[in-house]
Amino acid sequence: MLSPLILLATREEVFRRSVESVVSQAGYRVASASDEARALLQARSRRPDGVIVDASIAPPPHFAFCRTLRIDAGLSAATPIIITSLGSVTRADQLAALRAGAWELRGQPLDFEELLLRLGLYVSGKLDADQAGAEGLLDRASGLYNTAGVLRRSEELAALSVRQKLPLSCVVFRVPERDIAASDGDRVAGAFKSEGRVSDAIGRTGPNEFTVFAPATDGAAVVRLVNRLGDTVARRARLDHPMQSGSASATEATGLDPRDLLERARRSLDAT
């Protein structure tokens, strides 16, 4: 497991080396940026677990960049931003930093022991919040994604498919009505978890409904996926009848909207 990543934004080379050395020795990974544009790019692409911003990174008012970083970079509210500023810090400065989205403003020279203690506390809370958020996207009974989780993951797959010019397909499976009374929905979910491809996003979108988003899978390939997965899940879950299914496929040219794909797949299923 990778250690937490700290983004350090400063124009001051001596300050950068000092902070980077101390933070690295404490077990963190460090990404550094010497201007606003690079700091914003790093925050967007790497989603750090904590940010240390030196006031030298931006012209006055220094806290405007913190506000931009917090909003534009998409950092979660749980991601700590610590601003450092040369000299003493006034109460008015502290309040302005808090309003801009920083967790605190520290004067220089820094007390590195205190900085590491505070950083450890803040980052630990951020990681706990991330874990709670991830668990909130899962169906606790099966370990598959829930509806919110599979849609979140499908958006990531759609973005990847657009970048790589690949198709994306969605399949909705349902337990046949004749089997619902005698079947165990958790057993069916377990079968999907065991038989599904690692590359696919598989979610439990209803007590007896399961949705699969399959990247790099076109209309012909999704037919093979439906036949293989539907049959193996039915056998593993000991169903008396084949899984019901409906599917839809799309490319960048036809519009890659995961929610639209899901609705089309459900309409295809309902039409059978």
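**Salt bridges and a cavity in a predicted model**

Author: In this predicted model, Glu209 and Arg174 are joined by a salt bridge between their side chains, at 3.0 Å from N to O.

Reader: Where in the chain do Glu209 and Arg174 lie?

Author: The two residues belong to distant parts of the chain, 35 residues apart. Glu209 is in strand 8 (residues 209-215), and Arg174 is in strand 6 (residues 168-174).

Reader: And is Glu209 buried or exposed?

Author: Glu209 is buried, as its relative accessible area is 8%. Its partner Arg174 counts as partly exposed, at 22% relative accessibility.

Reader: Which residues are linked with Arg174 and Glu209 in a network?

Author: The salt-bridge network links Arg174 and Glu209 with Glu263, Arg266 and Asp270.

Reader: How many salt bridges does the count come to?

Author: The count comes to 21 salt bridges.

Reader: Turning to helix 1, what does Arg16 pair with?

Author: Arg16 forms a salt bridge with Glu13, and their closest N and O atoms are 2.5 Å apart. Both residues are in helix 1 (residues 13-25), where a spacing of 3 residues puts them about one turn apart.

Reader: Which other side chain meets Glu13 in a salt bridge?

Author: That of Arg17, with an N to O distance of 3.5 Å. Glu13 and Arg17 are 4 residues apart in helix 1, so about one helical turn separates them.

Reader: How do Arg16 and Arg17 compare in accessibility? What are the values?

Author: Arg16 is buried, with a relative accessible area of 16%, because the cut-off for buried is under 20%. Arg17 is partly exposed at 45%. Glu13, which pairs with Arg16 and with Arg17, is partly exposed at 39%.

Reader: A change of topic: how many cavities of 30 Å³ or more does a search of the whole structure find?

Author: The search finds 1 cavity of that volume or more. The largest cavity holds about 40 Å³ of space.

Reader: Which residues line the largest cavity?

Author: Its lining consists of Val53, Asp54, Ala55, Ile57, Ala58, His62, Phe63, Phe65, Cys66 and Ile83.

Reader: And which elements supply at least two residues of that lining?

Author: Strand 3 (50-54) and helix 3 (63-72) each do so. Helix 3 gives the largest share, with 3 residues.

Reader: What is the lining like by class?

Author: The lining of the largest cavity has 8 nonpolar residues, 1 polar residue and 1 charged residue. Asp54 is among the lining residues and is the charged one, because Asp counts as charged.

Terms used
Residues numbered from 1 in each chain as written. Predicted model: local features only at pLDDT ≥ 70, side-chain atom pairs only at ≥ 80, totals over all residues. Heavy atoms only, no water. Salt bridge = Lys/Arg side-chain N within 4 Å of Asp/Glu carboxyl O. Buried < 20%, exposed > 50% of the residue type's maximum accessible area, 1.4 Å probe, protein only. 1 Å grid on protein atoms, 1.4 Å probe; cavity = no way out; pocket = protein on both sides within 12 Å on 5 of 7 lines; lining within 4 Å. Points joined across faces, edges and corners; volume = space filled by probe spheres on them.
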